[in-house]
Amino acid sequence: MADPHNKKRYGETWDSLVINNYLIELEPLKGIIILSGGWAWHFMSPPGHIELKHAHDHKDVDIFVSPQNVTVVIEKLFEQGFKKVPTRFDRLKNNSDFRCYEKEMNGKKLIIDFFVGKDIQIRKIDGWQIVDPKQLLTFYKNIHSSDNCFAVKAATDLIKKGIDPIGRKELVHTY
């Protein structure tokens, strides 16, 4: 999603196998992770929506983990076959707040960007913890780079109008 939006590509959908693979791998972590980025928008969107590439990003999963759950989540990721992979941030002095894990499943690469987070405001949707939309919007241009996706633009407009974006069709329709 960090690539510039090409309006000629609007309507392209995410690979359903990749989405299903991620859902399988995330299920055991459901109560101890907080979804951010495209996967937070996914769960905020109306159930059964079409997985449009320009609506929200599914190429990886951004998660926040509270400091007290870091060890548990890392252990579960290793049990599920994920491996820690090097990133450009590893060489920084304070690199303990970000990690990246990868796994191949059904011929598809799954990537989890793992942030240690304190003071993350959450909303619960179908048992999933997601970053509250207002706080999530503050992460763009900082943690997340997909600020041109339909969900981010629509949520920004809805929140400005005092409307809760959760469950709104605007999160997945052409903006």
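Analyst: A polar contact is a pair of N or O atoms within 3.5 Å, where within protein one must be able to donate a hydrogen and the other to accept it, and residues adjacent in sequence count only if both atoms are side-chain atoms. This is a predicted model, in which local features need pLDDT of at least 70, side-chain atom pairs count only at pLDDT 80 or more, and totals for chains, interfaces and linings use all residues. Residues are numbered from 1 along each chain as its sequence is written, and side-chain values use heavy atoms, leaving out hydrogens and water.

User: What does the side chain of Thr156 reach, and at what distance?

Analyst: The side chain of Thr156 reaches the backbone oxygen of Val152 at 2.7 Å. That value lies within 3.5 Å, so the pair qualifies as a polar contact. Thr156 itself belongs to helix α5, residues 150–160. Its C-alpha atom is separated by 8.2 Å from that of Lys134, although the two residues are 22 apart along the chain.

User: Why is Thr156 called partly exposed?

Analyst: The relative accessible area of Thr156 is 25%. Buried means under 20% relative accessible area and exposed over 50%, with partly exposed in between (1.4 Å probe, protein chains only). Thr156 therefore falls in the partly exposed class.

User: Why does Asp132 count as buried?

Analyst: Asp132 has 13% relative accessibility, so it meets the limit for a buried residue. Asp132 sits in the loop between β7 (128–131) and α4 (133–138). Its side chain reaches the backbone nitrogen of Lys134 at 3.1 Å. Apart from neighbours within four places in sequence, Asp132 is in contact (heavy atoms within 4.5 Å) with Gln121, Ile122 and Arg123.

User: How do you know that β6 and β7 pair in the antiparallel sense?

Analyst: Two strands pair if DSSP finds at least two bridges between them. Strand β6 (residues 122–125) and β7 have four bridges, so they meet that condition, and their sense is antiparallel. Within this pairing, Ile122 stands opposite Val131 in β7. The hairpin of β6 and β7 has two residues between the strands, and in this hairpin Asp126 takes a positive phi near 50°.

User: What makes the buried residues of α3 line one face of the helix?

Analyst: In α3, residues 70–79, the buried residues are Val70, Val73, Ile74 and Leu77. Seen down the helix axis, they fall within an arc of 100° (taken from the directions from the axis to the C-beta atoms), so they line one face. On the other side of α3, Thr71 and Glu79 are exposed. The buried residues pack against β2 (61–65), β4 (98–105) and β5 (108–116). Just after α3, Gly81 takes a positive phi of about 95°.

User: Why is helix α2 described as mostly covered?

Analyst: Eight of the eight residues of α2 (residues 37–44) are buried. They include Trp39, Trp41, His42 and Phe43. Across the protein, buried residues make up 48% of the 175 residues.

User: How many helices and strands does the protein have?

Analyst: The protein has five helices and seven strands. These elements are DSSP runs numbered from the N terminus: H or I of at least four residues for helices, E of at least two for strands. Along the sequence they follow the pattern α-β-α-β-α-β-β-β-β-β-α-α. Among contacts between residues at least 6 apart in sequence, 64% join residues at least 24 apart.
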